[in-house]
Structure formats: structure tokens, C-alpha cells
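This report describes a single protein chain for a reader at the bench, moving from its aromatic rings to its charged pairs and then to its sheet. Please keep the sequence and the structure in view while reading.

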Amino acid sequence: MTGMLYGKAALVTGGSRGIGEAIALRLAADGADVALTYQHSTDQADDVVERVKALGRRAMALRADAGDPAAVADAVERAAGEFGRLDILVNNAGVFPFGPFQDVRPEDFDRVLAVNVRAPFIAAQTAAGHMTEGGRIINIGSCLAVRTPFPGITLYALSKTSLTGLTKGLARELGPRGITANVIHPGPIDTDMNPAHGPGADAQSAYTALGHYGEPADIAATVAHLAGEGGRYVTGASIAVDGGVTA
């Protein structure tokens with residue numbers, strides 16, 4: 001099998017469903033071996049692994065709680081050990097807290113920051129030790145980090161905004177080694193967690209310029225571009241794939 005990512009090895013956190021699943025499958029279709037992390041959905045993770053293997057690529061699923069820094073680092077090490085290298089890290093795993101900020105408890109705050117901010121930091125820190133020139137770190141943020149059109153998302157917006165600072169810092173730290181770092185900010189995407197015909201979907205669609213949800217494949221396509229040769233001179237960038245929410 002050939003492809004623009006042939007011979008590359010990737011790790012996608014939260015890769016068992018939704019956007020993460022689409023990313024894992026797209027990277028495999030483009031030639032990469034793919035490891036993915038998951039926490040609860042074992043059957044779904046195993047299904048993605050089998051679909052990656054059906055594309056002729058190596059694959060593995062790693063159970064890891066993104067809130068546990070040791071588990072995050074271990075997943076990266078195991079992926080690099082299995083494939084003998086690590087070229088692409090996609091930090092996709094995350095949680096979406098919703099509710100008045102007055103109701104946020106310290107333990108809620110700590111959990112969200114652990115999963116949405118600390119885990120990408122630890123994963124990038126560990127992955128960078130295995131990457132050589134041409135390495136790619138791609139963080140999945142949110143359009144809600146750029147525009148907060150309704151209440152109840154203060155903690156989430158805070159956590160996803162942090163990824164912009166992380167990305168810019170990584171770009172400067174790792175640029176001399178030829179490793180790029182970028183963040184993608186998706187808009188409303190049709191997944192089982194946020195279905196295009198679910199409660200509140202009409203309101204979310206109305207926030208876009210295009211008037212409808214995107215598909216997980218839309219995010220995966222941008223990840224694939226950044227992971228390949230097309231992304232070699234793109235680093236420190238925040239890229240909106242949001243249907244115009246932030247237009």
C-alpha cells in the first residue's frame with residue numbers, strides 16, 4: 001500500500017469514535033500505522049483497529065484515562081515501542097462540561113483541565129522524545145475557544161483556549177527540530193455526542209455561515225493535510241474548520 005503517509009506512525013487520543021475515529025481511519029487510508037487511545041468503548045476501539053488493519057496498516061488500541069498523566073505518557077511510549085517510531089500525534093480526547101460557571105466545583109475544574117489541557121501537554125512532551133524532523137503534533141480544539149455564543153461553556157472554552165497557547169509554545173520549542181504543531185478548531189460536527197438532528201442542533205447550525213453541521217471527515221481531512229507534506233511549512237497555526245461559526 002502506498003500513500004502520502006506511508007511508513008509513518010500515528011497516535012490518535014480518543015480515537016474510538018466520532019472525530020477521533022474518522023481521523024484514525026483517514027491517517028490509515030493515507031498509509032500510516034495507527035494507535036488509538038480510549039477509555040470505555042472497548043468494542044468500538046477494537047472495531048476501529050480492525051478497520052485500520054483492513055486497510056493494510058498496523059493498529060493497536062490502548063486503554064488510557066486522559067485524566068491520568070502516567071497513563072497518557074505510557075500510551076505514547078507503548079505506541080512508539082510497538083511501531084518503532086512516532087511521527088504524528090493527534091490530541092483529540094476531551095470532555096465537554098456544560099452548566100453555569102457558578103456551579104463548577106473545584107474537582108470538576110481539575111478534571112476538565114486534566115483531560116483537556118494537561119493530557120495534550122503530557123502526550124506532546126512524551127511524543128517529542130520520539131519524533132524526528134517531519135514530526136507533527138495536531139491538537140483538536142473548538143470554535144468555542146474563539147467565540148462563546150451561549151452561556152454554560154465557560155470552563156470548556158477556558159480549557160480549549162489553552163490549546164492555542166500550548167500549540168504556539170510547541171511550535172517555537174520544536175521548530176528548530178523540524179517538528180510542527182498546530183491546532184484545529186472544529187465547529188458543530190455530526191457525532192453521537194452532538195448529533196446533527198439532536199436537541200439544540202438547529203441553534204448550533206444557525207451559528208454557522210453555511211447553515212449546517214460538518215462531518216467528522218471534514219476534520220480528518222485537515223488533520224491529514226497537516227500530517228502530510230502539505231503541512232510542512234504550517235506551524236503555530238489555529239485553523240478553523242467550523243462552517244463559519246467564527247466568520
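## Aromatic pairs

The structure holds four aromatic pairs. One of them is formed by Phe96 and Phe98, whose rings are stacked, with 6.4 Å from centre to centre and 25° between the planes. The model is a predicted one, and the distances and angles in this report are accordingly values computed from its atoms. Phe96 is partly exposed, its relative accessible area being 42%, whereas Phe98, at 58% relative accessibility, counts as exposed.

Phe98 also pairs with Phe150: the centres of these two rings are 6.5 Å apart and their planes stand at 50°, so this pair is tilted. Phe98 lies in the loop between S4 and H4, while Phe150 lies in the loop between S5 and helix H5 (154–174), so that the pair, 52 residues apart, links distant parts of the chain. Phe150 counts as partly exposed, with a relative accessibility of 24%. Taken together, ring pairs join Phe96, Phe98, Phe150, Tyr156 and Tyr207 into a cluster.

## Salt bridges

Twelve salt bridges are present in the structure. Three of them are set out below, each with the distance between its closest N and O atoms.

| Acidic residue | Basic residue | Closest N and O atoms |
|---|---|---|
| Asp192 | Arg17 | 3.5 Å |
| Asp30 | Arg26 | 3.1 Å |
| Asp108 | Arg105 | 2.9 Å |

The salt bridge of Asp192 with Arg17 links distant parts of the chain, with Asp192 in the loop between S6 and helix H6 (201–207) and Arg17 in the loop between S1 and H1, 175 residues apart. Asp192 is exposed, with a relative accessible area of 51%, and Arg17 counts as partly exposed at 35% relative accessibility.

In the pair of Asp30 and Arg26, the acidic partner Asp30 counts as buried at 14% relative accessibility, whereas Arg26 counts as partly exposed at 32%. For the pair of Asp108 and Arg105, Asp108 counts as partly exposed at 24% relative accessibility, and Arg105 is likewise counted as partly exposed, at 46%. Elsewhere, salt bridges link Glu21, Asp47 and Arg51 in a network.

## The sheet and its helices

Seven strands make up an open sheet with parallel pairing, in the order S3-S2-S1-S4-S5-S6-S7. Strand S3 (59–63) and strand S7 (238–241) stand at the edges, where each has a single partner strand, so one side of each is left without a neighbour in the sheet. On average, and with direction ignored, neighbouring strands of this sheet are turned by 20° against each other.

Within the sheet, strand S4 (residues 88–91) pairs with strand S5 (residues 136–140) in the parallel sense, over four bridges. Asn91 stands opposite Asn139, which belongs to S5. Helix H4 (residues 106–128) lies across S4 and S5 and runs at about 175° to S4. Helix H7 (residues 216–227) also packs on the sheet, where it touches S4, S5, strand S6 (180–186) and S7, and its direction makes about 155° with that of S5.

## Surroundings of Thr13

Where along the chain is Thr13 found? Thr13 is in the loop between strand S1 (9–12) and helix H1 (18–29). Is this residue, Thr13, buried or exposed? With a relative accessible area of 10%, Thr13 is buried, because residues under 20% are placed in that class.

When residues up to four places away in sequence are not counted, Thr13 touches Thr37, Val90, Asn91, Asn92 and Ala93. One of these contacts, Asn91, is the residue that stands opposite Asn139 in S5. With Asn92 there is a polar approach as well, since the backbone nitrogen of Asn92 lies 2.8 Å from a polar atom of the side chain of Thr13.

Key:
Residues numbered from 1 in each chain as written. Predicted model: local features only at pLDDT ≥ 70, side-chain atom pairs only at ≥ 80, totals over all residues. Heavy atoms only, no water. Pairing = 2+ DSSP bridges. Helix = DSSP H or I, 4+ residues; strand = E, 2+ residues; numbered from the N terminus. Axes fitted to C-alpha atoms, helices over the stretch in contact; angles between N-to-C directions. Contact = heavy atoms within 4.5 Å. Buried < 20%, exposed > 50% of the residue type's maximum accessible area, 1.4 Å probe, protein only. Polar contact = N/O pair within 3.5 Å; in protein donor to acceptor, adjacent residues only side chain to side chain. Salt bridge = Lys/Arg side-chain N within 4 Å of Asp/Glu carboxyl O. Phe/Tyr/Trp six-rings, centres within 6.5 Å; stacked < 30°, edge-to-face > 60°.
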